[in-house]
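This report walks through selected features of one protein model, with the bench reader in mind. Please keep the sequence and the structure in view while reading.

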Amino acid sequence: MKILILSDTHFTDFDSLKKDGMSQTDLENFSFFPETLRNKINEADLIIHAGDFESKDAYNLFEKTGKLKAVHGNRDEKALKKRLPEKLIFEQSGLKFGVIHEAGRSLNDNTARWYMLEEMGVDVLIYGHIHTPSIDEYKGKFLICPGSPTKARMSEPSVAEIILDEAQKKIADIKIIPVAPASCGYLKFEEELVGKAKRNK
């Protein structure tokens, strides 16, 4: 089973897309996303979104896939905050999943997130808000942030994917998937620093 994990898609400008000639069918096929992400949406058996769709129109497109489980984020409009929970807990193939938008503000310190995982009583905690991808594992439990496919911070635009071994009731693989070239100057700066350090050895 393939689970696609997204967060912080922050998409509101559907009027501009329609003015540029994009049809409703194109929107429903996620034509505004890079091909890599469109393919992952189509391949997924389940889509988990950890909040900040930002607009109800964006949420509706994901909801129409019939594969969506989601929570609201801090930037979601009021209608979405009323419709979607702040936290979600569900079971899939014998594993308990927790989803929340904000599970801690630090990029590097996961202490608050591990406490959140324990508080929710789950095996996998999926979160967003920081726009930077991360996977952390401890004693068979996982923290996963997919980053953002549209507004990445210090990273490439990305999503995450879990492959579940349903027969064994365990996670077979987890990976971060870049869906577009880096839009943040930090990565270029980091590459230059690493390259310079290697040359100076």
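The report below takes up salt bridges, helix faces, backbone angles, a charged surface patch and two spacings in turn.

The model is a predicted one, and every value quoted for it is computed from the atoms.

**Salt bridges**

Side chains of opposite charge can pair when their charged atoms come close. In this model the count comes to 9 salt bridges, and three of them are set out in the table.

| Pair | Closest N to O | Separation in sequence |
|---|---|---|
| Lysine 64 and glutamate 28 | 3.1 Å | 36 residues |
| Glutamate 54 and arginine 75 | 3.2 Å | 21 residues |
| Lysine 175 and glutamate 161 | 3.9 Å | 14 residues |

In the pair formed by lysine 64 and glutamate 28, the closest N and O atoms are 3.1 Å apart. Lysine 64 sits in the loop between H4 and S3 while glutamate 28 belongs to helix H2 (residues 24–28), so this salt bridge ties together parts that are 36 residues apart in sequence. Lysine 64 counts as exposed, at 55% relative accessibility, whereas glutamate 28 is partly exposed, with a relative accessible area of 34%.

Glutamate 54 and arginine 75 meet through their side chains in a salt bridge of 3.2 Å, N to O. Here both partners lie in loops, glutamate 54 in the one between S2 and H4 and arginine 75 in the one between S3 and H5, so the pair ties together parts that are 21 residues apart in sequence. Glutamate 54 is buried, at 16% relative accessibility, while arginine 75 is partly exposed, with a relative accessible area of 46%.

Lysine 175 pairs with glutamate 161, and their closest N and O atoms are 3.9 Å apart. This salt bridge links distant parts of the chain, with lysine 175 in strand S10 (residues 170–178) and glutamate 161 in strand S9 (residues 158–165), 14 residues apart. Which of the classes, buried or exposed, does glutamate 161 fall into? Glutamate 161 counts as buried, because its relative accessibility is 4% and the cut-off for burial is under 20%, while lysine 175 is partly exposed at 36% relative accessibility. Both residues also belong to a network of salt bridges that links Lys2, Lys40, Glu43, Glu161 and Lys175.

**Helix faces**

Lys40, one of the members of that network, is also one of the buried residues of helix H3 (residues 35–43), which are Leu37, Lys40 and Ile41. These buried residues cover an arc of only 100 degrees around the axis, which puts them on the same side of H3. On the other side of H3, Glu35 and Asn42 are exposed.

In helix H4 (residues 56–63), the residues Ala58, Tyr59, Leu61 and Phe62 are buried. Viewed down the axis of H4, the buried residues fall within an arc of 155 degrees, so they line one face of the helix.

**Backbone angles**

Most residues other than glycine have a negative phi. Glutamate 54, already met as a salt-bridge partner of arginine 75, has a positive phi of about 85 degrees although it is not a glycine. Histidine 10 likewise shows a positive value, with phi near 40 degrees. Histidine 10 lies in the loop between strand S1 (2–6) and helix H1 (14–19), and with a relative accessible area of 9% it is buried.

**A negative patch on the surface**

Asp13, Asp15, Asp20, Asp57 and Glu77 form a negative surface patch. Within this group, glutamate 77 is found in the loop between strand S3 (68–70) and helix H5 (78–83), and at 34% relative accessibility it counts as partly exposed.

**Two spacings along the chain**

How many residues apart in sequence are glutamine 168 and phenylalanine 11? They are 157 residues apart in sequence, and their C-alpha atoms are 37 Å apart in space. Glutamine 168 lies in the loop between S9 and S10 and is exposed, with a relative accessible area of 54%.

Isoleucine 135 and proline 146 are 11 residues apart along the chain, and their C-alpha atoms are separated by 8.3 Å. Isoleucine 135 is found in strand S7 (residues 134–138), where it is partly exposed, with a relative accessible area of 36%.

Technical notes
Residues numbered from 1 in each chain as written. Predicted model: local features only at pLDDT ≥ 70, side-chain atom pairs only at ≥ 80, totals over all residues. Heavy atoms only, no water. Patch = residues over 30% accessible without salt bridge, like charges linked within 9 Å, V, L, I, M, F, W, Y side chains within 5 Å. Areas by Shrake-Rupley, 256 points an atom, 1.4 Å probe, with all protein chains shown as cover. Salt bridge = Lys/Arg side-chain N within 4 Å of Asp/Glu carboxyl O. Lys, Arg positive; Asp, Glu negative; His and termini not counted. Charge placed at Lys NZ, Arg CZ, Asp CG, Glu CD. Helix = DSSP H or I, 4+ residues; strand = E, 2+ residues; numbered from the N terminus. Buried < 20%, exposed > 50% of the residue type's maximum accessible area, 1.4 Å probe, protein only. Arc of directions from axis to C-beta.
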